[in-house]
Amino acid sequence: MTNKLVLFMAVLFFASAVSAQKVTRVKMVTDYSINVAGDDFEGAIFNARYTSPWISLKRSGGVVYSVYNDSLKNDTFNQFQRFTPNVDDIVLAETLLRKDLKQFVKKLPAVRFVRGPNVYSHLEKYARQYFGLTNGNGEKIILLNCFWDENIKKDGNDWLTEYYHVYEGGNYYWEAKVNLTTHQLFDFGVHGAI
């Protein structure tokens, strides 16, 4: 009986966490990108046909990227399969991001000392780009490319149609990967110190 109660509570907790992330808008922007928004997030979903040399599964290991570091730009992206994330994938990615980001960032001391806002405390202020990748094990991964909402919107709506990369910028610009299959956040990195 106790095991059933624990299982029921775990399912209820997970269901409430997922339901807390509600999608309020889905709007086609181009034939390869969709603007999606929720109560506390906004982003662009890029379909499997969209390509960019910046999108990769290469492990960053949790780093502060430097303007001199070209390891971000590589062609390993072409070694992996792409998929087009759907709204359920984004809701799960957002749920896992909120669940794991605070503890993940605490494990990376250098990230806490980069100038800019506290990423976890201000998560709702970051616009996102979502790219679907499938690794060699067939696991679905969302590459999250995130940037401070106020900064990006000054530049117009290009972030809805093209991968947006900024060298430097501190905690205003960061990325992470969320494995939807294993429910793990990994490869968090900010785009350099300012």
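Read from the N terminus onward, the protein follows the order α-β-β-β-β-α-α-β-β-α-β-β, which amounts to four helices and eight strands, where helices (H or I, at least four residues) and strands (E, at least two) are DSSP runs numbered from the N terminus. The structure is a predicted model, in which local features need pLDDT of at least 70 and side-chain atom pairs count only at pLDDT 80 or more, while totals for chains, interfaces and linings use all residues. Residues are numbered from 1 along each chain as its sequence is written, and side-chain values use heavy atoms, with hydrogens and water left out.

Of the 194 residues of the protein, 50% count as buried, a term that stands for under 20% relative accessible area, with exposed being over 50% and partly exposed in between (1.4 Å probe, protein chains only). The accessible surface, obtained by the Shrake-Rupley method with a 1.4 Å probe and with only the protein chains shown counted as cover for residues, comes to about 10000 Å², and 55% of this belongs to carbon and sulfur atoms. Among contacts (heavy atoms within 4.5 Å) with a separation of 6 or more, 63% are between residues 24 or more positions apart.

Strand β2 (residues 33–38) has a partner on either side in sequence. Strand β1 (residues 23–28) is joined to β2 by five bridges and the two run antiparallel, pairing being assigned if DSSP finds at least two bridges between two strands. Within this pair K27 stands opposite N35, and β1 and β2 form a hairpin with four residues between them. β2 also pairs with strand β3 (residues 42–46), again in the antiparallel sense and over five bridges, with I34 opposite I45 and a hairpin of three residues as the connection. Five of the six residues of β2 are buried, so the strand is mostly covered.

The interior was then examined through its nonpolar cores, a nonpolar core being a set of buried Ala, Val, Leu, Ile, Met, Phe, Trp, Tyr and Cys residues joined through side-chain atoms within 4.5 Å. The largest has 26 residues, and L101, Y130, W174 and F188 are those with the most contacts inside it. At least two residues of this core come from each of α2 (87–106), β5 (126–134), β6 (140–148), β7 (173–179) and β8 (184–190), and the largest share, seven residues, is supplied by α2. Apart from this core lies another, of 16 residues, which includes A127, L133, F147 and Y163. When neighbours within four places in sequence are left aside, L101 is in contact with V119, Y120, L123, W174, L185 and F188. N179, a residue of strand β7, counts as buried at 5% relative accessibility, and, not counting residues up to four places away in sequence, N179 touches L96, N135, E139, K140, I141, Q184 and F186.

The structure holds twelve aromatic pairs, for which rings of Phe, Tyr and Trp (its six-membered ring) must have centres within 6.5 Å, planes under 30 degrees apart counting as stacked, over 60 as edge-to-face and the rest as tilted. One of these pairs, F46 with F131, is stacked, at 4.7 Å centre to centre and 15° between the planes. This pair links distant parts of the chain, since F46 lies in strand β3 and F131 in strand β5, 85 residues apart. F46 is buried, with a relative accessible area of 0%, and F131 likewise counts as buried at 0% relative accessibility. Both rings belong to one aromatic cluster formed by Y32, F46, Y50, F131 and Y163.
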